[in-house]
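Biologist: I am new to this structure and would like a close look at a single part of it, the surroundings of the ligand. Please take me through that part step by step, and then place it within the rest of the chain.

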Amino acid sequence: MTDVIDKPATSPISTSRHGDVLIVKSNNPPVNALGAAVRQGLVAAIEEAESDEGVKAVVIACEGQTFFAGADITEFGKPPVMPWLPTVVDTIENCSKPVVAAIHGTALGGGLEVALGCHYRVAVPSAKLGVPEVKLGLLPGAGGTQRLPRVAGVPKALEMATTGKMITAKEACGVGLIDRQIEGDLIPHAVAYAEEVRDIRPLPKSSERDEKLAEARDNPGLFDEFRKANGRKFRGFEAPEANIQCIEAAVSKPFSEGVIVERTKFMELLGGTQAKAQQYFFFSERKAAKIEGVGEDVKPREIKKVGVIGAGTMGGGISMNFLSAGIPVTIYEMNQEALDRGTGIMRKNYEATAAKGRVTAEQVEQAMGLLNPTLDFEVLADCDLIIEAVFEQMEIKKDIFTRLDQIVKQGAILASNTSYLNIDEIAAVTSRPQDVVGLHFFSPANVMKLLEVVRGAKTAGDVEIVQRTLYTMVNEGAKILEEGMAQRASDIDVVWVYGYGWPVYRGGPMFWADTEGLQKIVDGLRAQEQRMGSDFSFSHMLLDKAEKGEKFTR
Ligand code: 3HC
């Protein structure tokens with residue numbers, strides 16, 4: 001029935017019995033990714049259920065923070081290890097005894113595909129479900145594009161597969177993706193549910209359902225309407241269209257043919273540059289949060305109250321970040337008019353978001369209720385974090401930090417939103433330079449995800465990434481690395497994607513340079529060297545790597 005049936009000695013999958021229900025549990029931290037050992041263990045567990053006459057039903061659950069969060073992305077591009085995930089899902093679906101998925105945390109990608117292979121799905125109310133493959137330049141490749149529309153309906157499947165957004169357990173229940181929400185302990189309730197359904201035959205198989213596809217067949221214009229409505233959002237990306245085509249195949253072809261379309265398109269995407277760029281970016285984003293010299297034992301300081309100096313565009317946006325996260329903000333301005341204008345704009349921004357249905361009127365009031373506008377500088381004294389967001393003038397900033405040093409409690413973080421001034425020079429006017437940091441928010445600060453954290457100690461203030469051409473941008477990126485201004489090439493890419501709208505499907509300028517080939521960049525720059533004049537100089541790192549045939553990011 002399957003390629004591999006032996007369960008390795010140290011399998012992350014364990015089985016136990018509760019009456020006539022076999023409980024299959026995965027323990028593969030941090031996110032129960034469906035790596036080879038998990039896949040092998042799942043198949044072996046289903047074999048165990050089949051071969052033991054005493055087993056009448058199966059529950060599949062996960063330990064730790066989440067249900068399976070997807071295929072193991074680190075395995076992509078490596079030689080495949082059997083069994084493949086589609087085989088695992090088929091094995092579960094073809095089990096002659098009912099299989100119940102017990103979901104907590106996030107059932108994502110291959111994880112949701114495993115759940116769709118199960119005959120029933122139950123979940124705790126906090127669970128979230130999704131197929132985020134599109135964000136990795138991919139599509140659900142283990143039958144997900146075929147089973148999801150059959151279970152949740154075509155419009156929901158199109159939305160989930162092309163946006164990659166998660167839905168809540170409640171919404172999943174509403175569209176039929178979850179059979180029951182479980183209040184209380186998940187596994188005992190899932191076992192009870194398995195006992196309830198143990199004798200129902202035929203077993204409900206997602207791949208055999210048709211009623212929701214029939215609805216879509218009655219509305220043949222559905223796919224083109226969807227493409228038209230989302231054309232702008234999908235422009236440049238390959239994966240959304242591939243997802244749409246697979247769901248179209250689910251409607252127009254039998255399951256056995258639909259999965260072939262899915263496999264073909266999955267392999268095409270997997271081999272392409274966009275998927276590589278987007279997977280590279282997934283890991284880069286996570287790496288960027290790890291700072292050299294800051295170990296995991298370092299506990300972040302607690303921020304219960306934030307102060308913001310300046311109620312202009314940046315100060316307002318920065319304040320909204322914290323208000324939206326439920327953290328009270330004291331915002332300081334020098335005169336009433338500027339203060340009123342700033343807080344008025346914040347309210348207008350929130351109300352505009354509410355008008356689009358993204359937050360409720362109640363949430364707007366909650367956020368604004370946490371704002372304390374003041375003309376009194378001393379009110380900032382008990383804040384845990386104070387962010388200065390005034391003009392980019394060194395003398396003004398030094399004056400503010402001198403005053404802050406006199407009034408603010410010890411242990412508070414004093415931050416400047418400067419984009420280029422020297423943090424050490426600002427810190428030097430205080431008696432606590434160790435507490436001074438640069439927090440460079442990107443405008444609009446309440447929307448942009450990127451926050452550059454600039455640690456002090458000899459940060460050169462005048463370095464800027466030059467934007468003349470892509471090649472000079474790469475050269476500058478290499479210099480930034482050479483000078484130790486950025487820890488890794490991937491951090492530079494994260495800045496460009498989140499701060500300046502670089503398309504994620506190209507990974508960032510440093511990833512893009514690797515894709516182009518560094519020697520090509522060097523040759524291109526040499527050709528332009530004269531035109532660029534005396535300001536231009538080559539990065540030694542770029543020249544060196546190009547000569548050795550090395551890359552920045554891989
Ligand atoms: N494979 C391998 N590693 C993964 C992973 C995955 N699918 N998902 C997360 N990780 C790793 C992260 O890189 C990170 O590693 P690190 O600690 O060494 O940096 C660690 O797990 C924890 O991840 P996060 O820091 O992101 O933890 P959070 O708690 O913030 O978020 C999460 C958890 C929501 C599960 C988030 O990690 C996530 O969105 N993961 C990706 C989910 C995904 O894209 N799944 C689809 C995979 S593709 C697929 O399934 C193809 C199939 O259709 C064939």
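**The shell around the ligand**

Modeller: Helix 12 gives the most to the shell around the ligand, contributing 3 residues, and I start from there, with the caution that the model is a predicted one. Helix 12 covers residues 273-288, and along with strand 5 (106-108) and helix 3 (110-117) it is among the elements that each supply at least two residues of this shell. Altogether 25 residues surround the ligand, and the closest of them are Ala71, Glu113, Glu133, Arg286 and Lys290. Sorted by character, the shell holds 14 nonpolar residues, 6 polar ones and 5 charged ones.

Some of the contacts can be followed down to single atoms. Ala71, one of the closest residues, places a backbone N or O atom 2.8 Å from an oxygen atom of the ligand, while a backbone N or O atom of Ala69 lies 2.9 Å from a nitrogen atom of the ligand. With Glu133 the side chain takes part, as one of its N or O atoms is 2.6 Å from an oxygen atom of the ligand. As for how far the ligand is covered, it would expose 990 Å² if taken alone, and the protein buries 72% of that area.

Turning from the ligand to the sheet, we find 6 strands that form an open sheet in the order 1-2-3-4-6-9, with mixed pairing. Its edges are strand 1 (13-18) and strand 9 (180-181), each of which pairs on one side only. Strand 9 runs parallel to strand 6 (residues 120-123), and 2 bridges join these two strands; within this pair, Ala123 stands opposite Gln181 of strand 9. In general, the strands of a sheet pair through backbone hydrogen bonds, in either a parallel or an antiparallel manner.

Finally, for the setting as a whole, the protein chain is divided into domain 1 (13-270), domain 2 (306-455) and domain 3 (472-548), and the centres of domain 1 and domain 3, taken over C-alpha atoms, are separated by 41 Å. The secondary structure of the chain comes to 22 helices and 16 strands, and its C-alpha atoms fill a box of roughly 80 × 60 × 50 Å along the principal axes. Of the 554 residues in the protein chain, 51% are buried.

Methods: Residues are numbered from 1 along each chain as its sequence is written. This is a predicted model: local features need pLDDT of at least 70, side-chain atom pairs count only at pLDDT 80 or more; totals for chains, interfaces and linings use all residues. Side-chain values use heavy atoms; hydrogens and water are left out. A residue is near a molecule or strand if one of its heavy atoms lies within 4 Å of it. A polar contact is a pair of N or O atoms within 3.5 Å; within protein, one must be able to donate a hydrogen and the other to accept it, and residues adjacent in sequence count only if both atoms are side-chain atoms. Accessible areas come from the Shrake-Rupley method with a 1.4 Å probe; for residues, only the protein chains shown count as cover. Helices (H or I, at least four residues) and strands (E, at least two) are DSSP runs, numbered from the N terminus. Ala, Val, Leu, Ile, Met, Phe, Trp, Tyr, Cys and Pro count as nonpolar, Asp, Glu, Lys and Arg as charged, and the others, Gly among them, as polar. Two strands pair if DSSP finds at least two bridges between them. Domain bounds come from an automatic or database domain assignment. Buried means under 20% relative accessible area, exposed over 50%, partly exposed in between (1.4 Å probe, protein chains only).
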